[in-house]
Each structure stands twice: as structure tokens, then as C-alpha cells.
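Please look over the sequence and the 3D structure shown below. A short report follows them.

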Amino acid sequence: MINFAEIEVERELGEQLNATLNSEQRAAFAEIETAMKSEVDGSKCFFLDGPGGSGKTYVYKTLLSHVRGQGENALPVASTGIAANLLKGGRTYHSQYKLRLKIDETTVSGITMMSKDADIIKKAKLLIWDESTMAPAHALNCVDRLLREIMEKNVPFGGKVLLLGGDFRQTLPIISHGDAVAVVQASIKFSPLWNKFKVLKLNNNVRSLDIEYSNWLMKLGNGELKNQDGLNENLIEIPESMLTSENIIKDIFGETLTPDNVEQFSQRAILCPTNDEVDNINEKILEILEGEAKTYISSDSLVTDEDSDRNDYPVEFLNSLKPSGSAPHELNLKKGALIMLLRNLNTKRGLCNGTRLKIIDLKPNLIIAKVLTGSAEGNVVFIPRIDLITDSDLPFQLKRRQFPVKLAFAMTINKSQGQTMDKVGIYLPTPVFGHGQFYVAFSRVRRSCDVKVHVVTTLEHGKLLPDSNKIFTRNVVYKDILFR
């Protein structure tokens with residue numbers, strides 16, 4: 001049933017947003033609109049390129065309201081739940097196109113041609129894919145095959161108008177144990193379909209409150225910052241104004257944390273390269289938070305039908321595992337603590353992987369929490385224990401029944417991508433190790449005064465020069481992936 005009132009609301013919103021587009025955004029909008037009006041079969045693929053703060057999300061929202069205001073449908077997806085949650089009706093691309101989490105050249109969509117999902121995609125006037133630079137080329141190729149089949153047209157993406165968006169300066173697809181060459185070649189830019197996309201550029205940073213900082217960020221992301229001290233060329237000096245004292249926790253969260261004042265720090269976080277470092281910081285902050293801690297113990301088992309496997313891997317060993325993306329066996333929480341979801345529980349309600357919440361109450365088998373980010377901000381939700389099935393480096397799958405959350409005072413740099421924060425600390429006991437990580441960490445804030453960096457001196461980084469207080473650390477940039 002057509003909801004004319006909702007269509008009118010979208011039409012008015014689309015007109016309001018359109019009227020406030022800058023010249024670059026308006027040019028991109030016009031290109032997409034022209035493609036949607038065209039009746040000619042062929043490639044109608046675009047890539048919206050722009051650094052953080054250039055207004056890509058604003059263009060997406062304008063296009064979505066414009067299309068929906070005409071009574072048509074538009075489907076927005078993103079490579080992360082957080083990014084998808086910023087767009088009305090947004091879902092992860094895995095969810096929308098029914099793709100398994102681990103994608104390779106053999107992956108096919110789980111959508112059947114006679115299904116409702118296929119019909120919705122077929123009727124959509126526009127498809128949007130944000131943070132597409134994080135997706136592997138195999139995902140793009142798989143969606144192409146699906147759309148050709150749904151539309152029954154052997155042209156790129158079945159002739160659908162497809163808008164990808166992202167920033168190749170940010171993190172790329174995660175390739176387990178992959179080197180620089182493997183990561184770059186796995187990206188969408190090395191898909192045979194890439195030459196079908198027209199690149200639309202947004203260069204102006206409309207979010208920045210600090211132009212000098214924006215220019216520094218661009219040089220950081222492009223790998224143009226070099227040290228002047230004869231050190232390895234991938235080492236850069238951290239500006240003195242951004243360095244913090246020894247106590248980065250105090251600098252970001254203050255001296256006193258209570259369940260009553262913790263929400264004022266909800267748009268702050270300490271970012272680290274690895275999960276182990278994140279866990280250590282989170283536990284230290286939990287100790288500072290006033291109140292009594294409650295520990296939830298998981299139930300762990302193997303996903304197997306073989307009794308011999310269970311004998312080979314005792315429960316005590318399973319309890320000791322800390323697979324990436326899974327809750328710990330012993331989950332320590334307090335009322336008022338900031339937590340993050342580790343799974344998509346209900347994307348339509350804004351409960352997706354990466355959503356940050358504040359704990360209101362802790363029950364034996366339920367967490368009551370308030371959503372702090374995304375479209376569901378302010379909602380009170382109930383989080384149950386669920387089965388978390390994860391792969392590890394061992395030859396089995398671990399099934400852990402636990403609450404799908406972890407503390408979120410600190411998070412990995414990769415997890416922070418797509419989020420804008422009021423203040424961040426960057427804690428580096430070890431250097432970053434992946435392309436774009438440093439750029440992502442610094443670009444979470446709008447001004448240089450809102451970021452504080454603490455580098456622990458080792459043989460690799462920190463104070464590397466005798467008789468000098470300069471602080472250096474590694475910046476990893478794969479220049480082959482950047483636009484020339």
C-alpha cells in the first residue's frame with residue numbers, strides 16, 4: 001500500500017537537502033539523476049570519492065529522499081553496520097544481497113529469482129553502497145552476477161544505477177595474513193568491473209572546523225608526510241600539540257567516571273591498533289568507573305559432530321580463546337559502562353555491529369541498555385545472550401554463548417571507521433600495521449585539538465633520536481591504491 005504522506009515528507013526533505021548542496025555535491029547529484037532518467041541500457045555505475053567530511057553521506061541522503069519522494073524505491077547498503085545505520089533503510093551489503101561473511105570467487109548470493117528480495121532489488125531505482133572501499137572485489141563481482149540475473153540483462157550490474165562511495169585512503173579489505181600486494185589486489189579497484197565506474201569527486205571538507213588540520217590529514221592519507229631527521233621514510237613525526245601526557249585515559253575521560261556522568265563521554269574513545277591493546281585499556285577504565293562489576297561466563301563448545309574433536313579440545317582450552325569479533329569468555333561489566341554490539345541484532349532498529357550503548361541495568365540473562373549512536377539513538381533496548389560462531393586460526397569453529405557486546409571506552413582503529421567523535425585518544429604501544437589506519441584514527445575528529453596521541457617508545461617508534469623529544473611512528477600507505 002502506497003503511503004502518500006510519507007512520500008510527501010520525503011519529497012519535501014529531498015528539496016530541502018538539494019537546495020543546500022555545494023557545487024561539487026550538486027554536480028554529482030545531477031550525474032546520478034541523469035542516469036536514473038535514462039532509458040538506454042548500459043553501464044550506469046558511479047564511484048563517489050571524497051575524504052572524510054566532504055559530504056558523501058549528505059549526497060546519499062539527498063538522493064534517497066529525492067527518489068523516495070517520487071514514489072520510487074532506493075536501496076542503501078554499506079560495508080559496515082555503523083555506516084549503514086547512518087542511512088534511512090540502510091543495511092550491510094551482506095544482508096541486502098544475502099552474501100556469506102567470507103567471500104571468495106565461488107561465492108553466490110542466497111537470493112532466489114522468484115523471491116521478494118529479488119523483486120525489491122528489481123524495482124529499485126537506485127542502489128547505493130557506502131564504504132565500498134572496505135569490500136573485496138569478489139563481493140562486487142558477486143553483486144554484478146546477481147543483478148544481471150535479476151534484471152535479465154547482460155550489462156554491468158544489470159543496467160541498474162549503482163553508486164559506490166568511499167575513500168581509498170582509509171582501510172581496505174581485510175586479507176588474513178595478506179601482504180600489501182594481496183590487500184591492494186583484493187580491493188574493488190582491481191576488479192575487472194572497475195573501469196565501468198565513472199568517478200565523481202568531492203574535494204571540499206564541509207565538516208572541518210580546522211582547515212590546517214584538514215590539509216595535514218590529506219597529506220597523512222596520501223603518504224606525503226616525511227620526517228626531516230634521516231629516519232626510515234615511513235616514519236612520521238607526531239606534532240607536539242597532539243601529544244598527550246603519560247595518562248591518556250585521564251586526558252580523554254577525566255579523573256572520575258560514574259554511571260551518571262559517563263554519557264557525557266559517549267562521543268569519545270581511545271583507539272588502538274590491536275584488540276589486545278583495546279581490551280587492556282577497557283579493563284583499566286572499567287576499574288575507574290564507580291560501581292560493582294558483574295562477570296558473565298560464556299558457554300563454549302565446538303561446531304562438530306565428531307566426538308574425537310571434543311576430546312582433542314577441552315572446554316578449558318576453548319574458554320581461553322579470544323577470537324576477533326567475539327565476546328570474551330569472562331565478560332566484565334558495570335552499570336553505566338559504554339559497550340559496543342558485536343553482531344547485527346536488528347538493523348532496522350539500528351542495532352548493528354558497532355552500535356555503541358550505555359548499560360542501564362544488568363540482569364542474570366539480559367542487558368538493558370540505551371543506544372548512543374545511529375538512527376536508534378536514545379532507544380532503550382534489551383540484549384540477550386546469543387550463540388556467537390567464530391572462526392579462529394585453529395581447524396574448528398567455536399560456538400560461544402555469550403552477550404554479543406564488549407566494552408567500548410576503547411576500540412580498534414578499524415572499528416572506528418565511519419564514526420565521528422568529539423574527542424579521541426590514539427594509544428600506540430606498537431605501530432599501526434595496515435594501510436590507512438593512521439589516517440582513519442586522526443580523521444574521526446574535526447579539529448587537531450580534539451585528538452591526543454600517546455606513543456610508547458620501542459625500537460620501532462617513539463623517541464628514536466638521542467637528545468631529542470621528537471616522537472615518531474609508522475604511517476602505512478599503499479600508494480598503488482590511491483587516485484593519481
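The report covers strands first, then pairs of helices, and then two loop residues.

## The model

The structure is a predicted model. The values in this report come from that model, and they should be read with this in mind.

## A sheet of four strands

One open sheet holds four strands in the order S19-S8-S20-S21, and their pairing is parallel. Strand S19 (410–412) and strand S21 (451–455) form the edges, each pairing on one side only. From one strand to the next, the twist averages 25°. A helix also packs on this sheet: helix H11, residues 275–288, touches strand S8 (268–272), S19 and S20. The direction of H11 makes about 175° with that of S19.

The pairs can be followed across the sheet in order. S19 and S8 run parallel and are joined by three bridges; here leucine 271 stands opposite methionine 411 in S19. Between S8 and S20 there are four bridges, again in the parallel sense, and alanine 269 is opposite valine 424 in S20. Strand S20 covers residues 423–428 and pairs with S21 over five bridges, also parallel. In that pair, leucine 428 faces valine 455 of S21.

How much of S8 is buried? Four of its five residues are buried, so S8 is largely enclosed by the rest of the structure. For a residue to count as buried, its relative accessible area must be under 20%.

## Strand S2 and its partners

Strand S2, residues 74–78, is mostly covered, with five of its five residues buried. The burial applies to both faces of the strand. On one side are Ala74, Pro76 and Ala78, and on the other are Leu75 and Val77.

Which strands pair with S2? One is strand S4 (residues 126–130), which pairs with S2 in the parallel sense over five bridges. Within this pairing, proline 76 stands opposite isoleucine 128 in S4. Another is strand S3 (residues 91–92), which runs parallel to S2 and is joined to it by two bridges. Valine 77 has arginine 91 as its bridge partner in S3.

## Helices H1 and H3

Helix H1 (residues 4–19) packs with helix H3 (residues 56–68) at an angle of about 140°, and their axes are 7 Å apart. That angle makes H1 oblique to H3. An angle over 145 degrees would be needed for the pair to count as roughly antiparallel. The crossing of H1 and H3 is left-handed.

On the H1 side, the contact is made by Ile7, Glu10, Arg11, Leu13, Gly14, Leu17 and Asn18. H3 contributes Tyr58, Lys61, Thr62, Ser65, His66 and Arg68. By class, the residues of this contact are four nonpolar, five polar and four charged.

## Helices H6 and H7

A second helix pair is formed by helix H6 (residues 116–123) and H7, with axes that come within 10 Å and cross at roughly 85°. The two helices are therefore roughly perpendicular to each other, since the range for that label runs from 65 to 115 degrees.

Ala118, Ile121 and Lys122 of H6 make this contact with Leu146, Leu147, Ile150 and Met151 of H7. The classes here are six nonpolar residues, no polar ones and one charged.

## Two loop residues with positive phi

Glutamate 152 has a positive phi of about 55°, although it is not a glycine. Where is glutamate 152 found? Its place is the loop between helix H7 (137–151) and strand S5 (162–166). The relative accessible area of glutamate 152 is 68%, so it is exposed; the cut-off for exposed is over 50%.

Aspartate 467 also is not a glycine, and its phi is positive at about 60°. This residue lies in the loop between S21 and strand S22 (472–474). Is aspartate 467 buried or exposed? With a relative accessibility of 86%, aspartate 467 counts as exposed.

Notes
Residues are numbered from 1 along each chain as its sequence is written. This is a predicted model: local features need pLDDT of at least 70, side-chain atom pairs count only at pLDDT 80 or more; totals for chains, interfaces and linings use all residues. Side-chain values use heavy atoms; hydrogens and water are left out. Two strands pair if DSSP finds at least two bridges between them. Axes are lines fitted to C-alpha atoms, for helices over the stretch in contact, and angles run from 0 to 180 degrees between N-to-C directions. Contact means heavy atoms within 4.5 Å. Angles under 35 degrees count as roughly parallel, over 145 as roughly antiparallel, 65 to 115 as roughly perpendicular and the rest as oblique. A crossing is left-handed if the near helix is turned anticlockwise from the far one by less than a right angle, and right-handed if clockwise. Ala, Val, Leu, Ile, Met, Phe, Trp, Tyr, Cys and Pro count as nonpolar, Asp, Glu, Lys and Arg as charged, and the others, Gly among them, as polar. Buried means under 20% relative accessible area, exposed over 50%, partly exposed in between (1.4 Å probe, protein chains only).
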